[in-house]
Amino acid sequence: MLKFVVRRLLSAIPTLLILIALAFCLIRLAPGGPFDGEKQLPPEIEANLRAAYHLDEPLYRQFGRYMANLARGDFGPSFQYRDFSVTELIRSGFPVSLKLGGLAMLLALLIGVTAGSVAALRQNSLIDHGVMTTAMIGISIPNFVVAPLLILVFAVGLRWLPAGGLGDGSPRHLVLPVIALALPQVAYIARLTRGSMIEVLRSPFIRTARAQGLSMRRIMVLHALKPTLLPVVSYLGPATAAVVTGSVVIEQIFGVPGLGRYFVQGALNRDYTLVMGVVVFYGTLIIVFNFLVDLIYGWLDPRVRP
Amino acid sequence: MPDGFALPCRLGIVATVLLLTGCGGESDPRSAVGIGGQTGQELAADQTLHVGNYAEPQTLDPHRAEGVPASNILRDLYEGLTSEAPDGAVVPGVAASWEVSADGRVYTFRLRDDARWSNGDPVTAEDFVYGFRRTVNPATLSHYSSILEPIDNAAAIIAGEQPPETLGVEAVDAHTLVIRLTGPTPYLPGLLNHSTTYPVHRRSVEEHGNRFARPGQLIGNGAYRLAEWNVQSHIKLVRNEHYWDDKATTIDTVFYYPIENQDTELKRFRADELDITNDIPYQQLNWIRENLGSDLVVSAYLGSYYFGYNVTRPPFKGNAKLRRALSLAVDRDIITERITNAGEIPAYGWVPPVTGYPPAEPEWAGWTQAERNAEARQLYAQAGYSAERPLTVEILYNTSENHKRTSVAIASMWKETLGVETKLLNQEWKVFLDTRRRKETTEVFRAGWIGDYNDAFSFSQLMHSANEMNHAGYASPAYDALIDSAASEQNTDVRAAILARAEAQLLEDMPIIPVYFYVSKHLVKQWVGGRRPNIMDHHYTKNFYILEH
């Protein structure tokens with residue numbers, strides 16, 4: 001087991017390095033630079049700025065400098081948010097995204113797995129069709145439609161909940177964004193669970209369990225649920241990494257100060273260091289989550305245990 | 001010259017509100033109703049203001065900041081030598097009065113002696129000298145320092161050729177400041193409420209370096225001080241009890257929210273979470289007019305929306321007739337009525353309506369569109385084009401629904417009137433900026449310019465051949481000579497006339513297609529008082545108050 005863990009962690013290093021090098025080159029290949037704006041800077045001021053941020057150096061040296069700083073955990077100063085370092089921005093944005101995304105995934109998992117299992121048990125019943133139709137709608141209606149609708153109804157119309165922002169951080173501010181984030185995930189997880197559960201219920205070991213006279217409840221909880229969750233778990237890894245690093249659409253619509261907005265704004269502003277910081281952070285999270293998924297997989301399915 | 005017309009408005013909250021109408025000229029219907037008594041127009045107990053502010057400011061360091069969102073907040077946090085009244089008129093700020101030398105090149109400012117930093121320290125002339133020198137010092141990395149180039153030696157200091165100490169700004173004593181200029185600059189008082197001219201608190205800057213502009217560290221001299229800065233969430237300011245005019249300030253707390261999405265902003269306004277929005281979603285303009293009409297505030301804004309020709313390359317190089325033909329064939333009324341539709345003013349000239357400037361509208365501004373089209377066809381033919389040999393041209397714009405619709409409209413007007421074949425090319429903002437600056441492939445490009453100060457020069461100088469924002473590549477010795485002579489002209493009327501002649505020259509050469517002058521568009525709750533529209537769209541929270549609602 002330990003060997004497996006160490007091997008996996010070591011193999012993550014070249015992946016990350018390639019990711020960093022690619023992102024570093026790609027963002028610099030994009031036309032336009034961090035100091036371009038409607039007000040064109042006088043050449044001497046621009047030259048001065050480029051020198052201050054070492055952009056006048058050859059690319060390999062910039063990369064070397066970046067890697068050396070990264071090794072010390074320093075993501076560098078943001079080009080756009082001139083009073084903040086990228087580390088500070090990630091530190092302020094990530095907890096918000098993590099909280100929203102974590103709650104949304106938890107909600108999605110609870111509702112999705114329950115609804116999917118119920119639908120599978122009552123296959124082709126009214127409940128099944130109801131759940132699957134709702135899930136289909138949930139998957140096909142995009143976030144940017146659902147979120148404004150939620151705001152219109154619950155904030156502008158009924159005035160039950162705030163329309164945006166995090167305010168003082170009270171749970172009231174989290175309700176709408178969490179629901180909007182969770183909805184498509186609920187739908188997807190419900191469909192995955194149903195499909196997988198139906199397959200599991202048809203497999204020989206369940207038939208054996210039934211033949212032994214075990215109650216359906218016992219079969220479900222002790223035998224069927226674990227294998228059912230396999231596809232859900234493999235979906236959860238990257239999905240959780242994506243959701244907890246912030247949904248750009250949701251954060252824009254609700255005005256939530258999460259990590260997702262930095263990604264897009266960083267790219268649009270050619271804020272090289274901010275984009276790099278978010279890419280490295282996001283890449284690391286994906287690797288970690290995939291690793292966790294593999295560990296959970298091993299626990300759920302003895303056949304793939306390392 | 002505004003030789004220290006001290007505002008006689010310091011009589012406490014209620015009096016300020018009443019006097020705003022008295023000091024400002026035309027009356028604001030909101031403040032015209034008496035405050036208090038039987039009218040129901042009591043001040044609200046909670047004086048907290050929530051303002052939509054578009055984007056996160058890059059920094060609250062006044063010398064390194066740029067852009068409208070940062071300026072809006074900095075106006076509350078700092079005060080320059082001059083300030084602005086609610087209607088935009090330049091009024092004394094930290095300087096109580098000033099004098100100008102006969103040649104217009106030396107300004108002497110008398111600073112008020114009750115001006116204080118937010119920690120209680122007195123604001124002195126030395127603080128201003130330190131601030132000006134810091135802005136032009138290349139090490140500060142100010143993006144906007146070139147705006148100070150009218151000051152003696154500023155250009156050489158910015159270019160790194162001279163030390164900052166040689167700047168023509170000098171403290172004669174603690175409360176007297178002298179600014180020496182390279183030439184008469186009649187707009188200087190208006191420039192002195194730009195953030196690059198704000199003083200900074202020397203001790204805290206030296207202690208915290210470039211990170212002094214953060215909560216707990218920022219010491220300002222404005223009516224408010226920085227309480228919280230939660231990036232991408234909000235910036236919270238509370239009143240600065242040490243501000244010299246604090247007793248006339250009504251709003252206690254102001255929140256600025258970075259909300260780039262206008263639909264989001266509108267919803268938060270409708271949910272009463274915002275008192276003032278930064279903008280409105282233009283697709284919902286009609287809905288807003290019908291449902292929130294009394295909250296909608298639209299007013300003229302110091303900005304010019306235009307398209308430019310790349311005059312350094314064919315087909316527009318040396319072809320003024322073709323440029324005029326295409327410009328005449330654009331029906332501005334259709335664009336402002338059907339596309340932008342918020343009350344934008346059709347533009348036939350380059351300089352928006354600014355104070356003390358006779359606009360140089362060309363003759364054809366008064367024609368009907370049919371007459372313009374007829375003239376356009378003639379010019380088009382004289383330039384050597386016809387139905388058999390049509391012009392093929394490309395319009396470049398940055399990706400945006402409004403620019404797209406405007407470009408499509410212009411292309412179809414050209415097609416219909418002249419038979420021009422137009423290709424449309426849109427690019428992401430930074431790509432667009434890069435392409436436009438290179439002048440290698442562009443033919444016709446979109447552009448817009450918002451004036452930095454309320455003077456024609458803020459626009460006129462843009463078309464000077466040496467200006468880096470002259471994207472058309474327009475280089476007319478006659479135009480340049482007029483701009484240069486205006487810069488050294490002492491008589492303000494003569495100067496304005498010279499600038500008008502320059503604009504007439506520009507419109508004769510037609511390196512650009514003026515389309516419209518901008519308007520500012522905000523939603524403002526009925527209970528916000530003391531706010532008046534002005535052409536710079538500059539507002540100071542200290543002038544606002546919230547009515548009971």
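In this predicted model, chain A has a mean pLDDT of 88, and 99% of its residues reach 70 or more. Confidence varies among the elements of chain A: the lowest mean pLDDT, 85, belongs to helix 9 (residues 216–244), and the highest, 94, belongs to helix 3 (residues 59–71). Where pLDDT is low, predicted coordinates should not be read in detail.

Chain A contains 12 helices and zero strands, and its elements, followed from the N terminus, accordingly read α-α-α-α-α-α-α-α-α-α-α-α. The C-alpha trace of chain A extends over about 85 × 60 × 30 Å along its principal axes. Of the 306 residues in chain A, 48% are buried.

A nonpolar patch of about 880 Å² lies on the surface of chain A. The residues that make this patch are A:Ile137, A:Ile141, A:Phe144, A:Val145, A:Leu149, A:Leu152, A:Val153, A:Leu158, A:Trp160 and A:Val249. Helix 6 (residues 143–157) of chain A supplies the largest share of the patch, with five residues. A:Leu158, also one of the patch residues, is located in the loop between helix 6 and helix 7 (172–201) of chain A. The relative accessibility of A:Leu158 is 41%, and this residue therefore counts as partly exposed, since that class lies between the limits of 20% for buried and 50% for exposed residues.

Strands are found in chain B, where two open sheets are described here. One of them consists of four strands in the order 1-10-9-8, with mixed pairing. Strand 1 and strand 8 (224–230) of chain B occupy the edges of this sheet; each has a single partner strand, so one side of each is left without a neighbour in the sheet. On average, neighbouring strands of this sheet are turned by 20° against each other, direction ignored.

Within the mixed sheet, strand 10 (residues 253–257) of chain B pairs with strand 1 (residues 48–52) of chain B in the parallel sense, over five bridges. In this pairing, B:Leu49 has B:Val254 as its bridge partner, and B:Gly52 has B:Tyr257. Strand 10 of chain B is also joined by four bridges to strand 9 (residues 234–239) of chain B, and these two strands run antiparallel. Here B:Thr253 of strand 10 stands opposite B:Val238.

Strand 10 of chain B is mostly covered, five of its five residues being buried. The cover extends to both faces of the strand. B:Thr253, B:Phe255 and B:Tyr257 are buried on one side, and B:Val254 and B:Tyr256 are buried on the other. Two of these buried residues were named above as bridge partners of strand 1 residues, namely B:Val254, paired with B:Leu49, and B:Tyr257, paired with B:Gly52.

The other sheet of chain B is likewise open and has four strands, in the order 4-5-7-6, with antiparallel pairing. Its edge strands are strand 4 (95–100) and strand 6 (169–173) of chain B, each of which pairs on one side only. Neighbouring strands of this sheet are turned by 25° against each other on average, direction ignored. Strand 5 (residues 106–111) and strand 7 (residues 176–180) of chain B run antiparallel and are joined by five bridges. Among the residues of this pairing, B:Thr108 has B:Val178 in strand 7 as its bridge partner.

Technical notes
Residues are numbered from 1 along each chain as its sequence is written. Chains are lettered from A and ligands numbered from 1 in the order in which they are written. This is a predicted model: local features need pLDDT of at least 70, side-chain atom pairs count only at pLDDT 80 or more; totals for chains, interfaces and linings use all residues. Side-chain values use heavy atoms; hydrogens and water are left out. Buried means under 20% relative accessible area, exposed over 50%, partly exposed in between (1.4 Å probe, protein chains only). Two strands pair if DSSP finds at least two bridges between them. pLDDT is the predictor's confidence in each residue, from 0 to 100. Patches are made of residues with over 30% relative accessible area and no salt bridge: like charges are joined within 9 Å, nonpolar side chains (Val, Leu, Ile, Met, Phe, Trp, Tyr) within 5 Å. Accessible areas come from the Shrake-Rupley method with a 1.4 Å probe; for residues, only the protein chains shown count as cover. A salt bridge is a side-chain nitrogen of Lys or Arg within 4 Å of a carboxyl oxygen of Asp or Glu. Axes are lines fitted to C-alpha atoms, for helices over the stretch in contact, and angles run from 0 to 180 degrees between N-to-C directions.
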